[in-house]
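Colleague: I'm new to reading protein models, and I'd love a close look at a single part of this one. Could you walk me through it slowly?

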Amino acid sequence: ALTQKGGDKLCFGGIVRRYAHQSSELKCEMQFTVFIPPQAKLSPVPVLYWLSGLTCNDENFITKAGGQRKAAELGILLVCPDTSPRGCNLPGDKDNWDFGEGAGFYVDATQEPWSNHYRMYSYITSELPALVSSALPVLPNKQSIVGHSMGGHGALICALKNPGSYLSASAFAPISNPVNCAWGKKAFSGYLGAENQNDWLKYDASVLISGYNGPQLDILVDQGGADNFLTDGQLLPESLTASASSNPLISLDLTTHDGYDHSYYFIATFIDKHIEFHAKHLLSN
């Protein structure tokens, strides 16, 4: 059951609302924030899931990106989950900003002590959509997904691993090839096991694109050209491009924008483009 946290906030004629619930997948209390567009007062609307990056929670996007204006205009409900389980007090879960709390990496952990709680992949693709559809006026089978950085990785793998479940996918500066970058190696070693590198491949967008066999999937990616994590080799968009070029079922539109960094200023600049991209898929019959 969902519990509302605080009061509704009116925004562009719609409502920003925060929920808490006891998660069966993560075995802890979780929170997520939604934007309910004004059209939902009259009839159910499509839903767009936003997955945030490292250190973020369910409120960063809603307070910083400014996506509510375009979502209100087009009639799309936004759902913003947290980035990891919270309050589990596992050994070391608050020691690093890129592992543990705030850094769930949208995988289902197989290693102790993480495996009992760190099941963000199943939470995002199964538990959360069921909660949303039971409590909010959303259209069944009209969902898409977008994210930033670690959340861009999450958005891409959720769409690629569930053909047909998400009508479109997009990302800002995603961690595109985590098996080959420091962030990914650290997270996957901890959550999936350093010796289980075949399991890592199941959560790597560049690998999953190569093997994708489902309905045509349109993917939009925007990357800042002055992103320090790009130059540090954490994001590796070139791997995404190479994989997509060999799979005709994937249509990848990837643009690098000179001068933009990894921040929410970059996201705010291009968020309307992403919501319009998803609207083309969510609002078509």
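Is F172 buried or exposed, and what is its relative accessibility?

Modeller: Happy to help, and please keep in mind that this is a predicted model. F172 has a relative accessibility of 0%, so it counts as buried. The cut-off for buried is under 20%.

Let's start from the ring of F172 and work outwards. A search of the whole structure finds 18 aromatic pairs. In one of them, the ring centres of W50 and F172 are 6.0 Å apart and the planes meet at 50 degrees, so this pair is tilted. Tilted pairs are the ones left between stacked, with planes under 30 degrees apart, and edge-to-face, with planes over 60 degrees apart. W50 belongs to strand 4 (residues 45–51) and F172 to strand 7 (residues 169–172), so the pair links distant parts of the chain, 122 residues apart. W50 is buried too, because its relative accessibility is 1%. Ring pairs also tie W50 and F172 into a cluster with F61, Y260, Y264, F266 and F270.

For a contrast in ring geometry, look at W114 and Y118. Their ring centres are 5.2 Å apart and their planes stand at 90 degrees, so that pair is edge-to-face. W114 and Y118 are both buried.

Now back to the strand that holds F172. Strand 7 runs parallel to strand 8, and four bridges join them. One place to find this pairing on your screen is A171, whose bridge partner in strand 8 is V221. Strand 8 (residues 217–224) has seven of its eight residues buried, so the rest of the structure largely encloses it. Strand 8 also pairs with strand 9 (residues 250–257), again in the parallel sense, over eight bridges. Here D218 has S251 in strand 9 as its bridge partner. A general point may help as you trace these strands: in a regular strand, side chains alternate between the two faces of the sheet.

You can compare this with the strands at the start of the chain. Strand 1 (residues 3–11) and strand 2 run antiparallel and are joined by six bridges. C11 stands opposite G14 in strand 2. The hairpin of these strands has two residues between them, and F12 takes a positive phi near 50 degrees there. Strand 2 pairs with strand 3 in the antiparallel sense as well, over nine bridges, and R18 has T33 in strand 3 as its bridge partner. In that second hairpin four residues lie between the strands, and K27 has a positive phi near 55 degrees. Eight of the ten residues of strand 2 are buried, so strand 2 is largely enclosed by the rest of the structure.

Strand 2 and strand 4 meet again in the story of helix 3, since both are among the elements that cover its buried residues. Helix 4 (150–161) is also part of that cover. The buried residues of helix 3 include M120, Y121, L128 and P129. Helix 3 (residues 120–135) has a kink of about 35 degrees at L128, shortly before the proline P129.

One last stop is K161, which lies over the face of Y121, 5.2 Å from the ring centre. The charged end of K161 also sits over the ring of Y203, 4.7 Å from its centre.

Methods: Residues are numbered from 1 along each chain as its sequence is written. This is a predicted model: local features need pLDDT of at least 70, side-chain atom pairs count only at pLDDT 80 or more; totals for chains, interfaces and linings use all residues. Side-chain values use heavy atoms; hydrogens and water are left out. Rings of Phe, Tyr and Trp (its six-membered ring) pair if their centres lie within 6.5 Å; planes under 30 degrees apart count as stacked, over 60 as edge-to-face and the rest as tilted. Buried means under 20% relative accessible area, exposed over 50%, partly exposed in between (1.4 Å probe, protein chains only). A charge sits over a ring if NZ of Lys or CZ of Arg is within 6 Å of the ring centre and within 35 degrees of the ring normal. The bend at a residue is the angle between axes fitted to the seven residues ending there and the seven starting there. Contact means heavy atoms within 4.5 Å. Two strands pair if DSSP finds at least two bridges between them.
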